[in-house]
Amino acid sequence: MFLAPAVAMGNYLTSTGTKPEEHVHVKPARRSTNGKGRPNIKLQDLPEDVLCSILSKLPAKEVVRTSVLASEWKSLWTACPKLSFNGAHTHGVKQHAQVFVDRVNAVLRKHRGKFVEDLEVKFMFESKLVHHLDNWIRFAISSRTKKLAFDLAPSSNLLRHGYHYTFPFHLLDKESLSCLHFLQLSFVCFKPPSHFAGLPNLRKLDLYLLKGTTRQDLENILGNCCKLECLSLVRCHLNDELRVVQPLSHLHYLKVIYCEITKIEFHAASLSTFLYDGTYIPIALRHASKLENAKISFRGAVFQHAVASLLSGLPDVQNLTLDVLILRLETRWALNSPRVFSQLRHVQIMLMISYEDHDKILYIVSFLRVAPFIERLEVHFNGTSTMWFANEGPSRQEIPPCEYTHLKNIRVSGFRGARGQVEFLMHIVENAPVIQVVTVDTTQRLTDAWDPDEVKPEFNSDALDMVRGPLLDRLPSGAKIFLA
């Protein structure tokens, strides 16, 4: 049988020698290559939407500079959907401030009528700028901006700058309110009107240095942000409760730092992260059944009172960091609470021990009695030089019986060989049947960094020698010990 030779037709082979009607081979246009057989693709060859996406990653100043690269790019920067202006260093020189304002206005004029996804302005507030700031808000409204950030805080001497920018709620209509997804404001007076309908699509709210804002103002705003996911409040002084009665079912991140408030109360069932730093106050997040991480820093508290308060307000936390800077300890082993931290697995406790409380160190076991399921415990001591080998306080034999059946790892830093520290370690090891790792470190996390002269290598060695033998005798087979 005679077979005709195969004929190549592009990527199609035929053994008949005839030209197939349905397959047409078109010779591709010739492209320049980089010497390795790969085509050279230049920026101007990319589609405009791709170029705009690239430009959106650059600062506004750099985006404008791209207009000199090619004639086709002359106006391309005006299609950039993200604008960021930083005039933080122009304060103090009148003409520099005016130049910054003029540049912002010029850029916004170029973008008039176009969609601008992000508008960020960082500039120290002055009362004479109110007109410009209001106009920039109007621009954001007309441009259907999703992220609006006005950082107007001075770099220093905050008390000298008494006048804050009043956020112009009256400029916002229903459509613009629904466009905002991210609102970041600093050095503002945040007072919504009584008929305020809320920000229905707001996902993130970041407020810094609020003034003239009341508890009712914030509750009115937050209670009407039904899709809010992240809330950050820093130096926002209410001198009242921070309380939102309405459920915030999407809120998963809450941060409250250096705010003068008397209580925190939220109904946030999806909350996963909570950060607080300030004076000791009641915290009520009882509906936060998914709370994974909480970091609490109290400036002055009785340790047992702080633990009891957290047990009541954050009963479902899984990982807890508790830092008490000005600490007092009570002489009691139990908190007299029927509750326990049922989900708590990892705990970090940072304690600033005063001279008056050297004899009460062992009483921190009161925390362990309400955390029966913890697997990893870290206790970081910070104290004065008088804590070295302080021979005061009760013995572990006085502690009511208690076992820590899930505890596998314990770390103690700032170890000074004080009797309370030694008794605490021995009590843990003797009552943790599945303990696997014990770490004892003489380094103090805070004070050794502040005052390196406080570190005494010869004391460190003596302190570790006090517990090396007793720990080895009590640890179960296979457990590891690290002394540093």
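F266 touches L222, L231, L242, V244, L248, L251, L254, A284 and L285, when residues up to four places away in sequence are not counted. The model described here is predicted. F266 also appears among the residues of the largest nonpolar core, which has 134 residues. Within that core, the residues that touch the most other members are F266, F274, I296, F367 and F424.

**Cavities**

Where is empty space left inside a structure? Rolling a probe the size of a water molecule over the atoms shows this. Across the whole structure, two cavities of 30 Å³ or more are found. The largest cavity holds about 80 Å³ of space. Its lining is made up of I137, A140, I141, R144, T145, L148, L172, S176, C179 and L180. Two elements, α4 (130–142) and α5 (174–179), give two or more residues to this lining. With three residues, α4 gives the most. By kind, the lining of the largest cavity has seven nonpolar residues, two polar residues and one charged residue.

**Cysteines**

How many disulfides does the structure hold? The count is zero. C236, for example, is in no disulfide; the nearest cysteine sulfur belongs to C259 and is 4.8 Å away. A disulfide needs the two sulfur atoms within 2.5 Å, so the distance of 4.8 Å between the sulfurs of C236 and C259 does not qualify. C236 is buried, with a relative accessible area of 2%. C402 is buried as well, and its relative accessible area is 18%. The cut-off for buried is under 20%, so C402 with its 18% falls on the buried side.

**Residues in loops**

Several residues in loops can be described by their place and by their accessibility. H358 is found in the loop between β19 (346–353) and α8 (365–368). Is H358 buried or exposed? H358 is buried, because its relative accessible area is 1%. Leaving aside neighbours within four places in sequence, H358 is in contact with I353, T384, T386, M387, A390 and E392.

A88 sits in the loop between β3 (82–86) and α3 (94–110). A88 counts as partly exposed, because its relative accessibility is 30%. From C-alpha to C-alpha, A88 and K122 are 5.9 Å apart in space, while 34 residues separate them in sequence.

Two further loop residues have a backbone angle worth listing. Most residues other than glycine have a negative phi. R235 is not a glycine, and its phi is positive, at about 55°. Y258, also not a glycine, has a positive phi of about 50°. R235 lies in the loop between β9 (230–234) and β10 (241–244), and Y258 in the loop between β11 (253–257) and β12 (263–266). Both count as partly exposed: R235 has a relative accessibility of 34%, and Y258 has a relative accessible area of 40%.

The table lists accessibility for residues named above.

| Residue | Class | Relative accessible area |
|---|---|---|
| H358 | buried | 1% |
| C236 | buried | 2% |
| C402 | buried | 18% |
| A88 | partly exposed | 30% |
| R235 | partly exposed | 34% |
| Y258 | partly exposed | 40% |

Notes. Residues numbered from 1 in each chain as written. Predicted model: local features only at pLDDT ≥ 70, side-chain atom pairs only at ≥ 80, totals over all residues. Heavy atoms only, no water. Helix = DSSP H or I, 4+ residues; strand = E, 2+ residues; numbered from the N terminus. Buried < 20%, exposed > 50% of the residue type's maximum accessible area, 1.4 Å probe, protein only. Contact = heavy atoms within 4.5 Å. 1 Å grid on protein atoms, 1.4 Å probe; cavity = no way out; pocket = protein on both sides within 12 Å on 5 of 7 lines; lining within 4 Å. Points joined across faces, edges and corners; volume = space filled by probe spheres on them. Nonpolar A, V, L, I, M, F, W, Y, C, P; charged D, E, K, R; others polar. Core = buried A, V, L, I, M, F, W, Y, C linked by side-chain atoms within 4.5 Å.
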